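Please open the model in your viewer and set it to a cartoon view. We will go from stop to stop, selecting a few residues each time.

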Amino acid sequence: MSLIINRNLCPQNHRCPLIKICPMNAIVQINNKLPQIISEKCIECGKCIKFCGMNAVSKQN
Ligand code: SF4
């Protein structure tokens, strides 16, 4: 299982607020591009899924 950020839902025009709420520092973003979740760091706590106002984060099998 891993988490993905849907590029069709993320507007990619601002600093991702999920970066600060991730307890594992597993979300990285270059400029305002699509953020990436580093699967090796992510513990799948689900915080980012709930926090994203665009519902752009989801679990993927
Ligand atoms: S599920 Fe938790 S650990 Fe994984 S990227 Fe989201 S906030 Fe970070």
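The tour below starts with the whole chain and then moves to single residues and the ligand.

**The whole chain**

Keep in mind that this is a predicted model. Colour by secondary structure and you should find two helices and four strands. Followed from the N terminus, the elements come in the order β-α-β-β-α-β. Along the principal axes, the C-alpha atoms occupy a box of roughly 25 × 20 × 15 Å. The radius of gyration is 10 Å, which agrees with the value near 10 Å for a compact globule of 61 residues. Buried residues account for 20% of the 61 residues. Among contacts with a separation of 6 or more, 51% join residues 24 or more positions apart.

**The nonpolar core**

Which residues make up the largest nonpolar core? Select Ile 5, Cys 10, Cys 16, Leu 18, Cys 22, Ala 26, Ile 27, Cys 48, Cys 52, Ala 56 and Val 57, 11 residues in all. In soluble globular proteins, nonpolar side chains tend to be buried together.

**Ile 5 and Val 57**

Now centre on Ile 5, which lies in strand S1. Is Ile 5 buried or exposed? Ile 5 has 21 other C-beta atoms within 10 Å, so it counts as buried, the cut-off being 20 or more. Leaving out neighbours within four places in sequence, show its contacts: Cys 10, Leu 34, Pro 35, Ile 37, Ala 56 and Val 57. Next, draw a distance from Ile 5 to Ser 58: the two are 53 residues apart along the chain, yet their C-alpha atoms are separated by 6.6 Å.

From Ile 5, step across to Val 57, one of its contacts. Setting aside residues up to four places away in sequence, Val 57 touches Leu 3, Ile 5, Cys 48, Ile 49 and Cys 52.

**Leu 9 and Asn 55**

Move on to Leu 9, in the loop between S1 and H1. Leu 9 has 13 C-beta neighbours inside 10 Å and therefore counts as partly exposed. Beyond four places in sequence, Leu 9 is in contact with Met 54, Asn 55 and Ala 56. Select Asn 55 as well: it is 46 residues from Leu 9 in sequence, and the C-alpha atoms are 7.2 Å apart in space.

Asn 55 sits in the loop between helix H2 (47-51) and strand S4 (57-60). Check its backbone angles, where phi is positive, about 55°, although this residue is not a glycine. Asn 55 counts as exposed because 11 C-beta neighbours lie inside 10 Å.

**Gln 12 and Asn 31**

Gln 12 is in the loop between strand S1 (2-5) and helix H1 (18-21). Its phi is also positive, near 55°, in a residue other than glycine. With 15 C-beta neighbours inside 10 Å, Gln 12 is partly exposed.

Select Asn 31 alongside Gln 12: they are 19 residues apart in sequence and 9.1 Å apart in space, C-alpha to C-alpha. Asn 31 belongs to the loop between strand S2 (27-28) and strand S3 (36-37). Asn 31 is exposed, with 6 other C-beta atoms within 10 Å.

**The ligand**

For the last stop, show the ligand. How many residues surround the ligand? There are 14, and the closest are Cys 22, Cys 42, Cys 45, Lys 47 and Cys 48. Colour this shell by residue type to see 11 nonpolar, one polar and two charged residues. Cys 22 and Cys 48 link this stop to an earlier one, since both also appear in the largest nonpolar core.

Conventions. Residues numbered from 1 in each chain as written. Predicted model: local features only at pLDDT ≥ 70, side-chain atom pairs only at ≥ 80, totals over all residues. Near = placed C-beta within 6 Å. Nonpolar A, V, L, I, M, F, W, Y, C, P; charged D, E, K, R; others polar. Buried ≥ 20, exposed ≤ 12 C-beta atoms within 10 Å, placed from the backbone. Core = buried A, V, L, I, M, F, W, Y, C linked by C-beta atoms within 7 Å. Contact = placed C-beta atoms within 7 Å. Rg over C-alpha atoms; globule rule 2.2 N^0.38 Å.
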